[in-house]
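Biologist: I would like to learn how to read charged side chains in a structure. Could you walk me through some cases?

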Amino acid sequence: MSHAILSPSSSERWLNCPPSARIAEASQDRTSPYAQEGIEAHALGEHKLKKLLGYQTKDPTASLTFYNKEMEDCAEGYANYVMELIGAKTSPLVWIEQRLDLSAFAEGSFGTADCIVIAEDELHVVDYKHGLGILVDSFENPQLKLYGLGALHLFDAIYDVERVVVHIYQPRRENVSVFEISKEALYQWAEEVVIPTSKLAFNGDGSFRAGDWCHFCPIKNKCRERANATLKIAQSEFKQPSLLSDEEIDEALQKLDLIEAWLKDIKAYAYARAMGGQKWTSVKLVEGRSNRKYTNEDAVAEVVQAAGFDPYEKKLKGITAMTKLLGKETFHELLANHIEKPKGKLTLAARSDKRPEVETINMEFKKETKKL
Ligand code: SF4
């Protein structure tokens, strides 16, 4: 598969850290199993959507290595989502897997939009995400905005578009995220941010800047800028928590994920190198702890039974296994009254997390005291 140096999917990285584009160029093009699974899920989603729209299409299922029931449900969910979007519009026009030329905004850049819908004065771009690891937000998402720009570039002269609406459909995270931007604001972003920054990136110029976008950078483990930035944060935070002000704690909380991600990446990199023969002075490869296990379960059962004991225990199937056994509908019919969802243990989550904030008794008390 060919990749643009300034691809929309890596745009968050090169827009924030322009020199990363050229440096990353040499390290790309390794298709991971996850990427392959995503490609296959896209192909199935495309087929399902085309089928619902009455287009000619060939079922790719037989050729999919990662096909399973979950992929089937996800692809169906995606196709239904687009159909619902189309159904709510007057005279919609639909393009599936539309290649978009973005070279007017970033040299050599192109991408493929999963689905584009033009209806009334809106242009919709729907992007299917099969990944589980990172919850993708559509708000000001540069990849989706670039797709929007590419679609505008293609259709603006023909159709009367005023607004661009981008949708992320990420079924395995139960995430549907929608963001709307006016045509003017999108073109302004292109002029003020994309065009000048892409020039820097294409030429390998600009300044390195570390942040969340490092996560998908091929050189993240060895990048000096990322190491320096993370260590700088860590240095300022290496004080006793009780000696920090609430503001300092708040600031540290925003950065902890960056430090954690960097530490994890460094450990994973060191491990991979050690497996390849590298000897580190500070750490070494050792065998992890392991538990005893039977060498042959049937033989064990036989021996225990012969001695007059029952070697088996009977256990109720868990909810997932029971749903598999009964099917979703029967499970609900028979067991709905026997299922409860206990409250989860309270945990700290980012402000952007979709779950509602929980008020503790102390918070309520503080509010009441303020009122008095
Ligand atoms: S790891 Fe981060 S700072 Fe380093 S080049 Fe990649 S994106 Fe830039």
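Modeller: Gladly, and keep in mind that this is a predicted model. Let us start at the surface, where Glu 12, Asp 212, Asp 257 and Glu 260 form a negative patch.

Biologist: Which helix holds Glu 260?

Modeller: Glu 260 sits in helix α8, which spans residues 246-275.

Biologist: And is Glu 260 buried or exposed?

Modeller: The idea is to look at the relative accessible area: over 50% is called exposed, and under 20% is called buried. Glu 260 has 53%, so this residue counts as exposed.

Biologist: Now for charges that pair up. What is the general idea?

Modeller: Side chains of opposite charge can pair when their charged atoms come close. In the whole structure, a search finds 16 salt bridges.

Biologist: Which residue forms a salt bridge with Glu 46?

Modeller: That is Lys 50, with 2.8 Å between the closest N and O atoms. Both residues belong to helix α3 (residues 33-53), where they are 4 residues apart, or about one turn of the helix.

Biologist: Why is Glu 46 called partly exposed?

Modeller: Because its relative accessible area is 21%, and partly exposed covers the range between the buried and exposed cut-offs of 20% and 50%.

Biologist: Where can I find a salt bridge between buried residues?

Modeller: Try Lys 129 and Asp 127, whose side chains meet in a salt bridge at 2.8 Å, N to O. Lys 129 and Asp 127 are both buried.

Another case is Asp 265 with Lys 220, a salt bridge with an N to O distance of 3.5 Å. This pair links distant parts of the chain, since Asp 265 is in helix α8 and Lys 220 is in the loop between α6 and α7, 45 residues apart.

Biologist: Which residues border that loop, if I want to find Lys 220 on screen?

Modeller: Look between α6, residues 183-202, and α7, residues 224-237. The side chains of Lys 220 and Asp 265 are also joined by a polar contact of 3.5 Å.

Biologist: Why does Lys 220 count as buried?

Modeller: Its relative accessibility is 16%, and buried means under 20%. Asp 265 is buried as well.

Biologist: So far we have looked at pairs. Which residues are linked in a network of salt bridges?

Modeller: Look for Lys 89, Asp 121, Glu 122, Arg 163 and Glu 180, which salt bridges link into a network. Try picking out the positive residues, Lys 89 and Arg 163, and the negative ones, Asp 121, Glu 122 and Glu 180.

Terms used:
Residues numbered from 1 in each chain as written. Predicted model: local features only at pLDDT ≥ 70, side-chain atom pairs only at ≥ 80, totals over all residues. Heavy atoms only, no water. Patch = residues over 30% accessible without salt bridge, like charges linked within 9 Å, V, L, I, M, F, W, Y side chains within 5 Å. Areas by Shrake-Rupley, 256 points an atom, 1.4 Å probe, with all protein chains shown as cover. Salt bridge = Lys/Arg side-chain N within 4 Å of Asp/Glu carboxyl O. Charge placed at Lys NZ, Arg CZ, Asp CG, Glu CD. Helix = DSSP H or I, 4+ residues; strand = E, 2+ residues; numbered from the N terminus. Buried < 20%, exposed > 50% of the residue type's maximum accessible area, 1.4 Å probe, protein only. Polar contact = N/O pair within 3.5 Å; in protein donor to acceptor, adjacent residues only side chain to side chain.
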